Amino acid sequence: MTEHHHHIPPGEITRATVWIVVGLFLLSVIFVADVTLSNPTSYSHRNGIVVRLLYLCYLIVFGLVLRDGSDHMQPSCLANDPEHCTVSFHYHVLFASVGWIIFATEGFLSWQGAGTWKHSSIKIYHVFMHVASFSFTLISVSIASGVHTFTGHPHLNTSHSWLGAFTLMLQAWQFVLGFYAFYIARDSQFKQSFVGSHRKIGLMVYVMAAATISMGLLEYSDAEALETVYSEARIRVHVAVALVWLIVAQVIFGTRTVEAGSTSIRQDDENQGSQIEMETLMTTEIDSD
């Protein structure tokens with residue numbers, strides 16, 4: 001068996017490396033500037049705008065990635081029955097990306113800078129977005145499973161599939177425990193104590209989903225159609241992965257900002273309340289004298 005090694009001219013390696021480094025450096029400057037200039041003690045609408053711009057960019061790049069792989073991701077058909085085919089594997093990638101990069105992201109953004117929305121409205125929007133995310137994830141996994149079964153491909157034979165299955169299980173637990181805590185349980189102290197765990201587990205699942213999507217995209221970039229190292233198609237895959245993690249970083253930072261803002265507001269309220277109590281006490285003592 002003969003191995004084919006693609007010889008890349010040194011000049012092409014240098015040019016590609018320089019442009020990639022410059023691009024990543026500019027992205028890092030933008031992200032650090034955005035984080036540094038944000039006020040961690042206030043609710044920021046700007047973070048939501050930045051995240052939505054990022055996932056719109058991701059959708060554009062992702063669309064190009066799907067177009068690049070259209071030749072080797074066509075529906076599989078039976079040799080003796082060309083009319084009996086599976087759905088395109090494109091839909092597995094599409095439903096997973098939309099479910100997490102849009103719906104799950106919107107679920108987290110619902111608590112960041114919601115403006116004049118009532119708490120009940122925010123809660124409904126948050127639940128609806130995560131239900132949509134979970135539904136799209138189930139559809140995505142079902143498509144992958146169906147295509148694998150149809151083509152005789154083994155299930156759960158990659159780190160991508162293992163992590164994806166584990167992420168789906170944790171997301172399901174988030175629904176079960178969240179529904180019990182916020183809609184069935186009557187103990188207010190339990191609800192308050194569970195909020196922190198719910199948020200932390202949710203962020204962990206979100207990061208795991210991003211890792212799963214990234215691994216899937218990188219496996220996709222290793223396909224034969226993208227075998228050229230510095231091809232535009234392969235670079236677009238890496239840009240998509242970079243955008244995924246920029247979105248995750250912004251969402252996590254925004255969540256921490258909301259927590260810091262809430263803590264600051266509570267501290268201000270407590271300090272103001274203590275000051276009022278002290279002034280009232282001093283006034284009472286003066287009147288007594």
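# Exercises on a predicted chain

Of the 289 residues in the chain, 36% are buried, and the model in which they are counted is a predicted one.

## Exercise 1: the overall layout

Describe the helices and strands of the chain, its contacts and its accessible surface.

Solution. Begin with the elements: the chain holds seven helices and two strands, and, read along the sequence, they follow the pattern α-α-β-β-α-α-α-α-α. Turn next to the contacts, where, among those with a separation of 6 or more, 75% are made by residues 24 or more positions apart. Finish with the surface: the accessible surface of the chain comes to about 17700 Å², and 66% of it belongs to carbon and sulfur atoms.

## Exercise 2: a charged pair

Find how many salt bridges a search of the whole structure gives, and work out which parts of the chain are linked.

Solution. The search of the whole structure finds one salt bridge, in which the side chains of Glu 106 and Arg 52 meet at 2.8 Å, N to O. This pair links distant parts of the chain, since Glu 106 lies in helix H3 (residues 90-109) and Arg 52 in helix H2 (residues 45-68), 54 residues apart. As a general point, side chains of opposite charge can pair when their charged atoms come close. Now compare the two partners with the cut-off for burial: Glu 106 has a relative accessible area of 6%, and because buried means under 20%, Glu 106 is buried. Arg 52, with a relative accessible area of 31%, is partly exposed.

## Exercise 3: two helices and the loop between them

Check the spans of H4 and H5 against the expected values, and then examine the residues that follow H4.

Solution. For H4, the 33 residues should span 48 Å at 1.5 Å a residue, and the end C-alpha atoms are 48 Å apart, which agrees. For H5, with 26 residues, the reach from the first C-alpha to the last is 36 Å, close to the 38 Å expected. Just after H4, Gly 152 takes a positive phi of about 75 degrees. Leu 156, in the loop between H4 and H5, has a positive phi of about 50 degrees although it is not a glycine. With a relative accessible area of 52%, Leu 156 is exposed, because the cut-off for that class is over 50%.

## Exercise 4: a nonpolar patch

Which residues form a nonpolar patch on the surface, and which element gives the most to the patch?

Solution. The patch is formed by Val 127, Val 131, Phe 179, Tyr 180, Tyr 183, Ile 184 and Phe 190, which together have about 610 Å² of accessible area. Helix H4 (119-151) and helix H5 (159-184) are the elements that give two or more residues to the patch, and H5 gives the most, with four residues. One patch residue in H5 is Tyr 180, which counts as partly exposed at 43% relative accessibility. H5 also has buried residues, including His 160, Leu 168, Gln 171, Gly 178 and Ala 181.

## Exercise 5: a pair far apart in sequence

Locate Ala 242, decide whether Ala 242 is buried, partly exposed or exposed, and give the separation of its C-alpha atom from that of Leu 27.

Solution. Ala 242 lies in helix H7 (residues 232-288). At 25% relative accessibility, Ala 242 counts as partly exposed. Although Ala 242 and Leu 27 are 215 residues apart along the chain, their C-alpha atoms are separated by 9.3 Å.

How values were computed:
Residues are numbered from 1 along each chain as its sequence is written. This is a predicted model: local features need pLDDT of at least 70, side-chain atom pairs count only at pLDDT 80 or more; totals for chains, interfaces and linings use all residues. Side-chain values use heavy atoms; hydrogens and water are left out. A salt bridge is a side-chain nitrogen of Lys or Arg within 4 Å of a carboxyl oxygen of Asp or Glu. Buried means under 20% relative accessible area, exposed over 50%, partly exposed in between (1.4 Å probe, protein chains only). Contact means heavy atoms within 4.5 Å. Accessible areas come from the Shrake-Rupley method with a 1.4 Å probe; for residues, only the protein chains shown count as cover. Patches are made of residues with over 30% relative accessible area and no salt bridge: like charges are joined within 9 Å, nonpolar side chains (Val, Leu, Ile, Met, Phe, Trp, Tyr) within 5 Å. The expected span of a helix is 1.5 Å times one less than its number of residues.
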